[in-house]
Amino acid sequence: MNRRSSTRVAVRLACHVVWLQGGEPSVMFTENISRDGMLLRWEDLIGRLPSVGEMLIVEVELPEREGFERRCISCQTTVARVHAEPDAALVWVGLRIHAMEFRVAQGAPKHREPVSQKGYGSRMY
């Protein structure tokens with residue numbers, strides 16, 4: 001049974017996760033995103049993992065266009081689920097989005113990984 005109200009689009013974009021309870025921002029990648037939620041590849045297994053119910057701010061970097069300022073989508077989210085792969089190489093983190101806004105990207109470093117809309121890891125929760 002699919003309980004989603006919006007269709008998810010498989011797209012790989014760099015994002016910056018900001019912890020509301022303090023801590024260093026983490027750089028992750030989206031796997032898919034919709035109006036209501038997103039799935040992140042959580043590859044930083046040495047650092048802290050989020051807990052279900054925890055609130056996070058996720059700033060998703062948008063592809064650059066020549067002649068325009070770098071932009072991002074800033075999302076207020078709550079962790080809906082956390083799923084570890086059996087080999088523990090990465091963890092999938094499902095987020096529910098409460099609010100989002102487009103804004104000029106801050107001085108965060110650029111990420112060179114290409115955008116993938118074919119859903120390299122097109123898992124959906």
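Are Trp19 and Trp42 buried or exposed? I looked this up before anything else and found that Trp19 is buried and that Trp42 is buried as well, where buried stands for under 20% relative accessible area, exposed for over 50% and partly exposed for what lies in between, with a 1.4 Å probe and protein chains only.

**Basis of the entries.** I am working on a predicted model, in which local features need pLDDT of at least 70 and side-chain atom pairs count only at pLDDT 80 or more, while totals for chains, interfaces and linings use all residues. Residues are numbered from 1 along each chain as its sequence is written, and side-chain values use heavy atoms, with hydrogens and water left out.

**Aromatic pair.** I searched the whole structure for aromatic pairs and found 1, the criterion being that rings of Phe, Tyr and Trp (its six-membered ring) have centres within 6.5 Å, with planes under 30 degrees apart counted as stacked, over 60 as edge-to-face and the rest as tilted. The ring centres of Trp19 and Trp42 lie 5.8 Å apart and the planes stand at 80 degrees, so I entered the pair as edge-to-face. I also noted that this pair links distant parts of the chain, since Trp19 belongs to strand β2 (residues 14-19) and Trp42 to strand β4 (residues 37-42), 23 residues apart.

**Overall fold.** I counted 0 helices and 7 strands in the protein, both taken as DSSP runs numbered from the N terminus (helices are H or I with at least four residues, strands are E with at least two). Read along the sequence, the order is β-β-β-β-β-β-β. Of the 125 residues, 41% count as buried, and the accessible surface comes to about 7700 Å², of which carbon and sulfur atoms hold 51%; these areas come from the Shrake-Rupley method with a 1.4 Å probe, and for residues only the protein chains shown count as cover. Among contacts (heavy atoms within 4.5 Å) between residues at least 6 apart in sequence, 62% join residues at least 24 apart.

**Strand pairing.** I took two strands as paired if DSSP finds at least two bridges between them. Strand β5 (residues 55-61) pairs with strand β6 (residues 71-84) in the antiparallel sense over 7 bridges, and within this pairing Val58 has Cys75 in β6 as its bridge partner. I then followed β6 to strand β7 (residues 91-104), where the pairing is antiparallel over 13 bridges, and where Arg81 stands opposite Gly94 in β7.

**Salt bridges.** How many salt bridges does the structure hold? I found 6, each being a side-chain nitrogen of Lys or Arg within 4 Å of a carboxyl oxygen of Asp or Glu. One of them joins the side chains of Arg41 and Glu31 at 3.8 Å, N to O; Arg41 lies in strand β4 and Glu31 in strand β3, so this pair ties together parts that are 10 residues apart in sequence. Arg41 also meets Glu43 in a salt bridge at 2.8 Å, N to O. Arg41 is buried at a relative accessible area of 12%, whereas Glu43 is partly exposed at 41%. I noted further that Arg12, Glu31, Arg41 and Glu43 are linked in a network of salt bridges. A separate entry goes to Glu54 and Arg48, whose closest N and O atoms are 2.5 Å apart in a salt bridge; Glu54 counts as buried at 12% relative accessibility, and Arg48 as partly exposed at 38%.

**Asn32.** I placed Asn32 in strand β3 (residues 26-33) and found this residue buried, with a relative accessible area of 0%. Its side chain is joined to that of Arg8 by a polar contact of 3.0 Å, a term that covers N or O atoms within 3.5 Å, where within protein one must be able to donate a hydrogen and the other to accept it, and where residues adjacent in sequence count only if both atoms are side-chain atoms.

**Cys15 and Leu45.** Cys15 lies in strand β2 and is buried, with a relative accessible area of 0%. Leaving aside residues up to four places away in sequence, I listed what Cys15 touches, including Ser26, Met28, Leu40, Val58 and Val60. The C-alpha atoms of Cys15 and Leu40 are separated by 8.8 Å, with the two positions 25 residues apart along the chain counted as their spacing. Leu45, in the loop between β4 and β5, counts as partly exposed at 34% relative accessibility; Leu45 and Val91 are 46 residues apart in sequence, and 7.8 Å apart in space from C-alpha to C-alpha.
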